[in-house]
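Q: Please take a close look at one helix of this model and the surroundings of one of its residues. I would like a connected account, with the reasoning shown where a cut-off matters.

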Amino acid sequence: MSAAAQRRTVRVLVLTQAVGAVGITIGIATASLLARDLSGSEALSGLAQTAQVLGAAVISFLLAPLMARRGRRTGLMTGYVVGAAGGLTAVLAGVVGSMALLLVGAMLLGAATSANNAARYAATDLATDENRARSLSLVVWATTIGAVAGPNLTGPAGALADGIGIPELTGPFAIGAIGMLVAAVVVGVLLRPDPLLLAQEAAGAREPGARTGTGIVRTGSSWSRTRDVVRERPVLGFAIVGLALTHATMIGVMTMTPLHMEHGGSGLEVIGLVISVHVLGMFAFSPLVGMLADRMGRPQVLGAGGVVLLVALVLCASSPSGMSWQVTAGLFLLGLGWSLSMVSASTMVAEHTPIAVRTDVQGTSDLVMGLTAAGGGALAGLVVALGDYPMLALLSLVLVVGVLGCAVRAASPTRRTA
């Protein structure tokens, strides 16, 4: 039963990710530009993306107890519906010219990112040790379909916006809202049986006072339960920190790339193309990354991701403004390094967390990841305003050194198990 349910779960999640990713990524290439126009300041241009990342962090934490009680299906549906509301709010912000309303919409948009993050963990609920990374990576890979298409719809979305009388830069958010609503319908209708509820029932962990299997009782807050498990299983701490630093590096540099290119005269279509190449690196090779993580080890692949991120940042630091092979290759490798680190570290979080506190630890991990990335995105705008894009890339090297440190510590025999 669980094997058949796992196959169905992965198929449904693959379809959901493919549709939902359009809604999440289509606004990437224009969010910073719209924020700049509404605020009148390039220093504040990164705030829209930062607000979305922050919203994803907080909503991930809020969705965790909902999924623990009601399952993945309810949590994912909620995330996509709230995200669609955020997309429509961003459109309204552009129409009325309100930066504050844009930030509210961006935070609500983060709910769709929360749903996508939770979907990767949903793929591991019924997985075995031998295929856990591959199951997770297949769902991550599915994002490629919508994510690559999303930024390339930027130009047509702008034309559509002109046709219906709304600002050009809000067109992608309108189309994105439709994609998120479709994803909510897909997961609501097809994700049955619910993988998390099935796993909880099999483990006898549905009751609030159930033990986690490590001697820790599922009482108190999500944060306190996560803290207790991390203390007992230090490898979880290194995985969570590695995730956070990886995501902060990617968000900070990626968010400022459209501005860097626009300064050199690149238009929306060219910017969207480079972002698509970046997204391709993030998701297209995920199945291969999952296979490597299952065969070579999660910490080793996390370390490989850190090395690729180092090369990416050096290329970005050497890129002139506008379109260049350096920024294109750098953004691709930035995505690939993110994929290597994200899949491996997420798998460590999934496999080292007891079933009774699974959503608590995963939600807290995404909260930490999002808060770190939000801070990085906000600082990125200031760094580019006070300095330039190459400076931002060079300063981000510090974060990647931290990723490499987490990989080394997680691979230590004394740290891998508690």
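A: Val408 counts as exposed because its relative accessibility is 60%, and the cut-off for exposed is over 50%. The model is a predicted one, and the values here are computed from it. Val408 lies in helix H18, which covers residues 397-411.

H18 packs against helix H11, residues 234-263. The axes of the two helices come within 9 Å and cross at roughly 160 degrees. Angles over 145 degrees count as roughly antiparallel, and H11 and H18 are therefore roughly antiparallel to each other. Their crossing is left-handed.

On the H18 side, the residues that meet H11 are Leu399, Val400, Gly402, Val403, Cys406, Arg409 and Ala410. On the H11 side, the contact is made by Val235, Phe238, Val241, Gly242, Leu245, Thr246, Ala248 and Thr249. By class, the residues of this contact divide into 10 nonpolar, 4 polar and 1 charged.

Val408 also leads to another part of the chain. Its C-alpha is 8.1 Å from that of Gln300, although the two residues are 108 apart in sequence. Gln300 belongs to helix H14 and takes part in the contact of H14 with helix H13.

H13 spans residues 286-296 and H14 spans residues 298-317. The two pack at an angle of about 130 degrees, with their axes 7 Å apart. That angle makes H13 oblique to H14. Besides Gln300, H14 contributes Arg298 and Val301, while H13 contributes Val289, Leu292, Ala293, Asp294 and Met296. This contact divides into 5 nonpolar, 1 polar and 2 charged residues.

Two other helices show what burial looks like elsewhere in the model. Helix H15, residues 325-352, is mostly covered, with 24 of its 28 residues buried. From its first C-alpha to its last, H15 reaches 40 Å, close to the 40 Å expected at 1.5 Å a residue.

Arg358 is in helix H16, residues 358-386. Arg358 has a relative accessible area of 10% and is therefore buried, the cut-off for buried being under 20%. Leaving aside neighbours within four places in sequence, Arg358 is in contact with Arg72, Thr124, Asp125, Leu196, Ala199 and Thr353.

Returning to the starting point, Val408 is exposed at 60%, whereas Arg358 is buried at 10%.

Conventions. Residues are numbered from 1 along each chain as its sequence is written. This is a predicted model: local features need pLDDT of at least 70, side-chain atom pairs count only at pLDDT 80 or more; totals for chains, interfaces and linings use all residues. Side-chain values use heavy atoms; hydrogens and water are left out. Axes are lines fitted to C-alpha atoms, for helices over the stretch in contact, and angles run from 0 to 180 degrees between N-to-C directions. Helices (H or I, at least four residues) and strands (E, at least two) are DSSP runs, numbered from the N terminus. Angles under 35 degrees count as roughly parallel, over 145 as roughly antiparallel, 65 to 115 as roughly perpendicular and the rest as oblique. A crossing is left-handed if the near helix is turned anticlockwise from the far one by less than a right angle, and right-handed if clockwise. Contact means heavy atoms within 4.5 Å. Ala, Val, Leu, Ile, Met, Phe, Trp, Tyr, Cys and Pro count as nonpolar, Asp, Glu, Lys and Arg as charged, and the others, Gly among them, as polar. The expected span of a helix is 1.5 Å times one less than its number of residues. Buried means under 20% relative accessible area, exposed over 50%, partly exposed in between (1.4 Å probe, protein chains only).
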